[in-house]
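Visitor: I would like to learn how to read a structure like this one, going feature by feature. Could you take me through it slowly?

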Amino acid sequence: AESPTAITIEPKTGMIFIANSGDNTVSIIENENGILKRYRPIPVGSSPTAMTLDTNNRILYVVNEGDGNVSAIDIENCPKDCRPLRSIVTGKFPTSIALDNRTGNVYVASGKTNNVFIIYPPIHSPYMDLAFDNDTNSLYTLASGILHKSTINKLNSTGIKLIKKIELPKGEYFNSTSIALDSTGRKIYFA
């Protein structure tokens, strides 16, 4: 591992995760009765700089400053089978990350752009996408056949307020994995 930049420890198992910005990996070290055993590192995005661990959902989130995204890694079967779930785009230069254990929301900050990005659970869902309407500050998220519409208060950073939760009807839209808004923000397209 080259140039370690962040470390976190799984409290139940004592497993150690180390972000390495030099080779764009996360090292996994198992601590079994004081004996440290290193496993094959997990490839992540460019320049991993920070991490947080969601112990309830068994997900390690890794901030990749160089790619402007966060890698989500399923650690349920670690250390032998740690599996990357997806990369979540956050925008330019994410640098730090925090988890709200009550909600499962993950907050990613960019010191260079002064933005905070929010990642909502369930990240395990195979069907998840989001779209943002700049005119109304509305965020649309799609997960497991449910469309959520929320507003973001940009002025005082009080967070996100859920406006509407729409369960998609069983059928052609239910298994959609992607959403997009038209230029007016009035039509939502599913794929």
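Guide: We will look at one strand and its neighbours, and then at confidence, keeping in mind that this is a predicted model.

Visitor: Why can strand β7 be described as largely enclosed by the rest of the structure?

Guide: Burial is judged residue by residue, with buried meaning under 20% relative accessible area. In strand β7, which covers residues 69–77, seven of the nine residues are buried, and therefore the strand is largely enclosed by the rest of the structure.

Visitor: In which sense do β6 and β7 pair, and over how many bridges?

Guide: Strand β6, made of residues 59–64, pairs with β7 in the antiparallel sense over six bridges, and within this pairing leucine 60 stands opposite isoleucine 73 of β7. The two strands form a hairpin with four residues between them, and in its turn glycine 68 has a positive phi of about 70 degrees.

Visitor: How many bridges link β7 with β8?

Guide: Strand β8, residues 81–89, pairs with β7 over seven bridges, again in the antiparallel sense. Here asparagine 69 has valine 89 in β8 as its bridge partner, while a hairpin of three residues joins β7 to β8.

Visitor: Which elements have the lowest and the highest mean pLDDT?

Guide: Where pLDDT is low, the predicted coordinates should not be read in detail. Among the elements of the protein chain, strand β15 (residues 159–167) has the lowest mean, 57, and strand β2 (residues 16–20) the highest, 95. Over residues 154–158 the pLDDT is below 50, and this stretch has four contacts in the model beyond near neighbours in sequence. For the protein chain, the mean is 78, with 67% of its residues reaching 70 or more.

Definitions and conventions:
Residues are numbered from 1 along each chain as its sequence is written. This is a predicted model: local features need pLDDT of at least 70, side-chain atom pairs count only at pLDDT 80 or more; totals for chains, interfaces and linings use all residues. Side-chain values use heavy atoms; hydrogens and water are left out. Buried means under 20% relative accessible area, exposed over 50%, partly exposed in between (1.4 Å probe, protein chains only). Two strands pair if DSSP finds at least two bridges between them. pLDDT is the predictor's confidence in each residue, from 0 to 100. Contact means heavy atoms within 4.5 Å.
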